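User: Hi! Could you walk me through a protein structure I'm looking at? I'm new to this.

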Amino acid sequence: MFAAYSDAAGQDKFIFKADNGGLPFEPHGFGALSNARQPGPDVLGAEGQGDYSLYLSSFSLVTPERDLSGLWTVFRVTQVMCRALYRGEKNLVEAAPKGFVIARDDIHGLGFERPGWKGESFAVTRTGDSERDAAGGHPFWSVRYDDAGRLESCGVKLVSVTQEADAAGQDPDYDAAVRFLYVGMPQIFFGIITEPVMAGVHPPGPGDAITVMAPCGGAWCRISTLYQFSPERWYVSSRIGFGNPLGLEQTP
């Protein structure tokens with residue numbers, strides 16, 4: 001069923017455009033979990049050091065263009081950054097992209113300090129404020145650790161004000177963006193779509209939820225994505241859950 005939809009969606013467009021000149025891909029999935037040290041409060045305000053120019057080509061990560069290449073850029077950097085954190089190859093400051101800073105997730109999302117914040121959840125942000133990020137079309141990442149310092153989740157959100165709709169009130173770009181989420185995004189994470197179960201049979205609409213399972217060493221990690229593409233705005237929120245991976249084999 002999925003193969004049938006992929007053909008109808010013009011899968012080759014995503015494969016060749018996403019390859020960006022034959023750039024090398026990392027090994028499939030996220031690999032094995034490493035006990036990376038949970039960041040301390042001293043990382044707050046630190047500027048990211050991650051150099052992702054290899055994946056950007058002519059596109060900006062700070063303000064990605066509202067098109068298929070902009071979405072691919074954001075998800076590709078998300079895959080590389082979250083994978084490095086999960087494997088313990090880089091700390092949060094080293095993995096965060098240049099042009100972004102580390103902030104408390106509560107201040108970034110709510111505008112004030114949430115009681116009980118223990119230095120376990122952070123935002124990788126351009127402006128330090130979720131509303132200003134959205135107004136500027138900047139993606140931002142949410143990173144959360146458990147009490148033992150292991151990466152629990154890593155995700156990205158992008159809210160982008162759209163261009164004016166055409167006379168018919170339709171966004172001419174949303175259809176390609178939806179097809180990317182059903183075809184190109186699973187390719188980036190080397191994953192498979194598990195929800196919606198009828199993906200490939202019924203054409204997806206401009207707003208929905210997608211669940212992808214991606215390899216995490218000897219298990220599967222869940223990637224949950226919400227999206228809404230309309231003439232008013234583009235909204236994509238994707239979260240990779242590392243806390244409870246689904247084992248490939250049952251334990252005795």
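Analyst: Happy to help, and we can talk about pockets, disulfides, cavities and the core. One thing to keep in mind is that this is a predicted model.

User: Cool. How much space lies in the largest pocket?

Analyst: The largest pocket holds about 360 Å³ of space. Its lining is made of 19 residues, and those closest to the centre are Asp 105, Phe 140, Ser 142, Val 143 and Lys 157.

User: And which element gives the most to that lining?

Analyst: That would be β4, which gives five residues to the lining of the largest pocket. The elements that each supply at least two residues there are α6 (105-110), β2 (121-125), β3 (140-145), β4 (151-161) and β8 (233-247).

User: What classes of residue does the lining of the largest pocket have?

Analyst: There are nine polar, six nonpolar and four charged residues in the lining of the largest pocket.

User: OK, new topic. How many disulfides are there?

Analyst: The count is two disulfides. In case the word is new to you, a disulfide is a covalent bond between the sulfur atoms of two cysteines. Here, Cys 82 is joined to Cys 154, with 2.0 Å from S to S, and Cys 216 is joined to Cys 221, with 2.2 Å from S to S.

User: Which parts does the pair of Cys 82 and Cys 154 tie together?

Analyst: Cys 82 sits in helix α4 (residues 68-86) and Cys 154 in strand β4, so this pair ties together parts that are 72 residues apart in sequence.

User: Are the cysteines of these two links buried or exposed?

Analyst: Cys 82 and Cys 154 are both buried. Cys 216 and Cys 221 are both buried as well.

User: What about handedness?

Analyst: The link of Cys 82 and Cys 154 is left-handed, with -70 degrees about the S-S bond. For Cys 216 and Cys 221 the torsion about the S-S bond is about -135 degrees, so that disulfide is left-handed too. If you count the bonded cysteines along the chain, the disulfides follow the pattern 1-2, 3-4.

User: Nice. How many cavities does a search of the whole structure find?

Analyst: It finds two cavities of 30 Å³ or more. The largest cavity has about 50 Å³ of space, and the second largest has about 30 Å³.

User: How do people look for empty space like that?

Analyst: Rolling a probe the size of a water molecule over the atoms shows where empty space is left.

User: So which residues line the largest cavity?

Analyst: Among them are Pro 64, Arg 66, Leu 71, Ser 160 and Trp 234. The elements giving two or more residues to that lining are α4 and β4. By class, the lining of the largest cavity has four nonpolar, three polar and three charged residues.

User: And the second largest cavity?

Analyst: Its lining includes Leu 71, Phe 75, Val 156, Lys 157 and Ser 238. α4, β4 and β8 each supply at least two residues of that lining. The classes there are six nonpolar, two polar and one charged.

User: Last topic: how many residues does the largest nonpolar core have?

Analyst: The largest nonpolar core has 56 residues, and the ones with the most contacts inside it are Phe 30, Leu 85, Phe 180, Phe 189, Phe 229 and Phe 242. The largest share of this core comes from α4, with 11 residues.

User: Which residues does Phe 229 touch?

Analyst: Leaving out residues up to four places away in sequence, Phe 229 touches Leu 71, Tyr 174, Ala 177, Val 178, Leu 181, Pro 206, Trp 234, Tyr 235 and Val 236. Leu 71 also came up in the linings of the largest cavity and the second largest cavity.

User: Thanks, that helps a lot!

Conventions: Residues numbered from 1 in each chain as written. Predicted model: local features only at pLDDT ≥ 70, side-chain atom pairs only at ≥ 80, totals over all residues. Heavy atoms only, no water. 1 Å grid on protein atoms, 1.4 Å probe; cavity = no way out; pocket = protein on both sides within 12 Å on 5 of 7 lines; lining within 4 Å. Points joined across faces, edges and corners; volume = space filled by probe spheres on them. Helix = DSSP H or I, 4+ residues; strand = E, 2+ residues; numbered from the N terminus. Nonpolar A, V, L, I, M, F, W, Y, C, P; charged D, E, K, R; others polar. Disulfide = S-S within 2.5 Å. Buried < 20%, exposed > 50% of the residue type's maximum accessible area, 1.4 Å probe, protein only. Core = buried A, V, L, I, M, F, W, Y, C linked by side-chain atoms within 4.5 Å. Contact = heavy atoms within 4.5 Å.
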